[in-house]
Amino acid sequence: MASKSLKASNNVLSSTKRQLEILSNGIFSDGGLPKFESRLVAYELDALRPLKLEILQINVGYMCNQVCAHCHVDAGPDRKEMMSRETMELCLDVLRKTKVKTIDLTGGAPEMHPDFRWFVSQIRLTDVEEIIVRSNLTIILANKKYHSLPDFFKQNKVHIISSLPFYKKDKTDRQRGDGVFSQSITALKLLNSAGYGKSNSDLQLDLVYNPSGAFLPGDEKTLENDFKKALKLDFDIDFNQLFAITNLPISRFLDYLIASENYEDYMSSLVESFNPKAVANVMCTNTLSVRWDGMLFDCDFNQMLDLKVASPITHLRDFNLELLQERKIGVSQHCYGCTAGSGSSCQGTVV
Amino acid sequence: MKKKYYKSDDLKKFKNITDWNPELGEKFFEYYNSVFKEGSLSVREKSLIALAVSHVVQCPYCIEAYTRDGLQKGIEKSEMMEAVHVGAAIRSGASLVHGVQMMNVYDKLSM
């Protein structure tokens, strides 16, 4: 398993331009597969446009204690991009002015940001109903200063969404690194002890499943039952929901697809599984994504491809929801990942 | 160009079977889809049976389809290999049990 990000390794795929070229050429330019935009036209679907803004997903930085093989962020210990306190203040200004229901904090490992706890506490003082933190679990054990995170989450009624690719060690460690599974289990037990994931508690703990390879996720509900049964039986762990997320062909997962000669077949599976019903509910219609430097994107995936919002408003400092809502959502062939089968979003399936 | 009888891309064309005989083709796919729905057996169990049978009938298309299907369903490789051995055991057993016939004939013809 790699210990460095693509960026630190000077991998050609750390260039977003190169990734977009790959996603638009080859099988998508020789007529082998239809481009996403033409697929929408073929199904007489309108171009994607924003609906009511409900979720502001804030990526506070790309630093992470893990270097996962499938990471679309290319996060890792060597990534230094980090949101400034000033930009966090801009986020809070926007929250005070707009009625956003949910804040979704992501990274990297958002907990590694030195202002993380301050930021969460400040968001709690606004009218936001729900604060989601996308925690990789192992961060809770990574350093003594993070041991108190479960209590901090509890005090701030944070909704935890954590990646756990599988309920067995082998597949989890192959995707996320040696030792990640056993650390994740310990962290889940700590969260359970704090009251998370219990049926009689309002402290929500959800898990994210994403396939450990070049295949699409199976039925979300069936996988949730399998996870619940296995984690309870083997480790006495409880959680609320499982979200099945499709791996998008971006960054390290794209690198893996190409290196393993699975790229064309994977893209064909995504295109074949295109579900027009999933298009209506893709997350970019109710979400805005904020980069560490305050730039705005239609979703976290477009952020990683540097596809900025097609609007005169591109930065938090100029935030104007009315103008932003008039934009057309930027698409490329990676969007097939969110419309395959039952669809995929940061909250799992969409159909 | 190398000519091959089996091309993995042909699996994607399976649905075209309906083109030359829509009635029978559609009946087959309707039947096929009904068979694999959750019933007294779970879809997981059916996938493993299909994988084992795929090996017994030595269908490369089916092997690819049901290995992928198993991965999507979270079936582990140890389970897949055990299913393949079940198929292989029945197949080899079916050969070996004919040894009784050989023994019968041998004994009948021998003094």
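Which residues does A:Ile131 touch, not counting residues up to four places away in sequence? Select A:Ile131 to begin, and around it you will find A:Ile103, A:Leu105, A:Val120, A:Ile123, A:Arg124, A:Asn156, A:Val158 and A:His159, where two residues are in contact if their C-beta atoms, placed from the backbone, lie within 7 Å.

Before going further, keep in mind that this is a predicted model, in which local features need pLDDT of at least 70 and side-chain atom pairs count only at pLDDT 80 or more, while totals for chains, interfaces and linings use all residues. Residues are numbered from 1 along each chain as its sequence is written, and chains are lettered from A and ligands numbered from 1 in the order in which they are written.

**The cores**

Now add A:Ile103 and A:Ile160 to the selection, since these two, together with A:Ile131, touch the most other members among the 96 residues of the largest nonpolar core. Such a core is a set of buried Ala, Val, Leu, Ile, Met, Phe, Trp, Tyr and Cys residues joined through C-beta atoms within 7 Å; a residue is buried if 20 or more other C-beta atoms lie within 10 Å of its own, exposed if 12 or fewer, and partly exposed in between, with the C-beta atoms placed from the backbone. The element that gives the most to this core is helix 11 (residues 263–272) of chain A, with 5 residues. Apart from this core lies another, of 6 residues, among them B:Leu48, B:Leu51, B:Tyr66 and B:Ile75.

**Helix 11 of chain A**

Select residues 263–272 of chain A, and within this helix pick out A:Tyr263, A:Tyr266, A:Met267, A:Leu270 and A:Val271, which are buried. These residues cover an arc of only 135° around the axis, which puts them on the same side of helix 11 of chain A; the arc is that of the directions from the helix axis to the C-beta atoms. Their packing partners are helix 10 (251–259) and helix 15 (336–339) of chain A.

**The loop before helix 3 of chain A**

Move next to A:Val73, in the loop between strand 1 and helix 3 of chain A, which counts as buried with 23 C-beta neighbours inside 10 Å. Leaving aside residues up to four places away in sequence, A:Val73 touches A:Tyr62, A:Gly108, A:Ser251 and A:Met304. The C-alpha atom of A:Val73 is separated by 8.8 Å from that of A:Gln303, although the two are 230 residues apart along the chain.

A:Asp74 is in the loop between strand 1 (55–59) and helix 3 (85–97) of chain A, and has a positive phi of about 60° although it is not a glycine. Most residues other than glycine have a negative phi. A:Asp74 is buried, with 27 other C-beta atoms within 10 Å.

For a second positive phi in a residue other than glycine, select A:Asn10, where the value is near 55°. A:Asn10 is found in the segment before helix 1 (16–24) of chain A and is exposed, with 9 other C-beta atoms within 10 Å.

**Chain A as a whole**

Zoom out to chain A, which has 15 helices and 8 strands; helices (H or I, at least four residues) and strands (E, at least two) are DSSP runs, numbered from the N terminus. The radius of gyration of chain A is 19 Å, close to the 20 Å that the globule rule gives for 351 residues, so the chain is as compact as a globular protein of that length; this radius is taken over C-alpha atoms, and the rule is 2.2 Å times the number of residues to the power 0.38. Buried residues make up 49% of chain A.

**Chain B and the interface**

Turn to chain B, with 6 helices and 0 strands, whose radius of gyration of 19 Å is well over the 13 Å that the globule rule gives for 111 residues, so chain B is more spread out than a compact globule. Of its 111 residues, 12% count as buried.

Select helix 4 (residues 60–72) of chain B, in which B:Tyr66, B:Asp69, B:Gly70 and B:Leu71 are buried. What covers these residues includes helix 3 (43–56) and helix 5 (77–96) of chain B. Following helix 4 is B:Gly74, whose phi is positive, near 75°.

Finally, display both chains together, where 8 residues of chain A are in contact with 6 residues of chain B.

How values were computed
The expected span of a helix is 1.5 Å times one less than its number of residues.
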